[in-house]
Structure formats: structure tokens, C-alpha cells
Amino acid sequence: GDLAYFCPTCPQPGVNLSADWIEDLGGAWKYSRSFVMDGNFSAEHMKLKNDDDFDLTGGSGYFTASPCYQAHLQIADGKQPVSLPCPFPQFHPSSISYGCFVPDTVVDFQKGKRQVNMDYALCRALGKLEGMPRAAVIYDIACQFNVHFGARVLRSDYLKFSDTIQIIWGIGLFHIHGHQDVCLSRYSPDLIPGIGKVDGEVLETLWSQLNEICGSTCSMTAAHRREVLNDHMLDSN
């Protein structure tokens, strides 16, 4: 993600925090980052017969580096729930308050929205916390996803982040009312201390702009498509 802009307002040591921020023992909520994650099923990609184009960015933009991601997919447990059959849509994590795409975290799906894809992208995002003590993660099915997330991370050589990070799980306000009543009190962003007043649905607004070019990118080579979408996500940030 070295060629990608990140959120200028998210707390970042050495960028917008004082040198002694870590000594603020009562301010964990101030030094936490919040992520929204979801799959964009409008950003499909046609599978081409000859797709040997060379990727010039290689993980330096918003899409994660393909070789490590593909290696993770090869060894990950394939017996995971699939929500929708859809060829090559994207997963996007973003910062929750200001709607910035997170560098080096966007991945392609192979067959619907599986945990194997979401695990990798989320770990890439959590790995960029740079000592932050806490992260809020908003996901439509966080109530299911988080149950065995830790176990899946431990089983994989490609899923890593600091075990000192406290993850606060939430569900966006648009989706949570379709869940059981118990999810509302446990996962509603309105009831999570220190997260601020957010709806957890910021990705929908980002996609409304990004999807305008998806009619063109769907028939590009995989590398060309990633580079074009990288450019547009950079402009969005």
C-alpha cells in the first residue's frame, strides 16, 4: 500500500499523534481505528481465456498482493459457508467515519462471500494498526463471522495480526434490524462505547461512485482491472 493514500483523520503514530500518546492510559477509545467490511457484487470480472497480463502495482495500491493471497486460498479450509454465487466481485475494508479505502486490503472473491476471503483482508487491515490497542470492525454478519475468527487465524500461516489488539465487533444499522433481537443490543454501533455516531454503512456510499466504472472494468484483464480500480479508490480517498 505504499502508493496509496490512507485516512488522514484515523489515528496514526508518527503522522497525527503526539509522541507520548501511548502514555494516555485512559484513552484507548481515542487511539482505536474502525473498519467497515463487505463485498461489492456489482464489481464483477469476466474470466478471460488468456489473462496473463502483468500486475504493475503488486500490492502497493488498495488491492492486496496476489501471490500471498492466492497461497492463502490454496491452504485455507474450503468448507465454509457461501452467501452468493458471483464471479470475482471485490471485498473492501474502509475506515468507518470518513469513508477511506484501506491500502493493501482489497481482494477478489472466487465464489461468493466466503470467510476465507474476508479473513485475509481483515487481517491485512488489522496488521496496519501500528500499536493501536483497539479496532472496531463493522460487518453485516459479524455475529457469525467472529465466532471462530480467532481459530481460523491460528490455523493459517497467512493470517496474522497482533494478539494484543482488542476487536470490537458491530453490525451496520441498515442490516442489524434484519437480525435477531439479541444482536441489536450486542452489535449495534449506537450502543458501542467510544465508536462515535456512525451507521456502519459507509461502503455503500463509496460504491455508488466506484460502480460507475465497473461496466468497463469487468472485461479488462485482471491486472488492468486492479490498476484502474486502484486509481479510482486513490481518487476517492
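The secondary structure of the protein chain comprises 9 helices and 5 strands, where helices (H or I, at least four residues) and strands (E, at least two) are DSSP runs numbered from the N terminus. Read from the N terminus, these elements follow the order β-α-β-β-α-β-α-α-β-α-α-α-α-α. The model is a predicted one, in which local features need pLDDT of at least 70 and side-chain atom pairs count only at pLDDT 80 or more, while totals for chains, interfaces and linings use all residues. Residues are numbered from 1 along each chain as its sequence is written, and side-chain values use heavy atoms, with hydrogens and water left out.

Of the 237 residues in the protein chain, 50% are buried; buried means under 20% relative accessible area, exposed over 50%, and partly exposed in between (1.4 Å probe, protein chains only).

Strand β1 makes a good place to begin looking. In β1 (residues 32-40), 9 of the 9 residues are buried, so this strand is largely enclosed by the rest of the structure. Ser32, Ser34, Val36, Asp38 and Asn40 lie on one side, and Arg33, Phe35, Met37 and Gly39 on the other, so to speak of β1 is to speak of a strand with both faces covered. Strand β1 runs parallel to β4 (residues 134-139), with 6 bridges joining them; strands pair if DSSP finds at least two bridges between them. Phe35 has Val137 of β4 as its bridge partner.

Asp104 is worth a look too. This residue sits in the loop between β2 (90-95) and β3 (107-108), and its phi is near 60 degrees, a positive value in a residue other than glycine. Most residues other than glycine have a negative phi. With 6% relative accessibility, Asp104 counts as buried.
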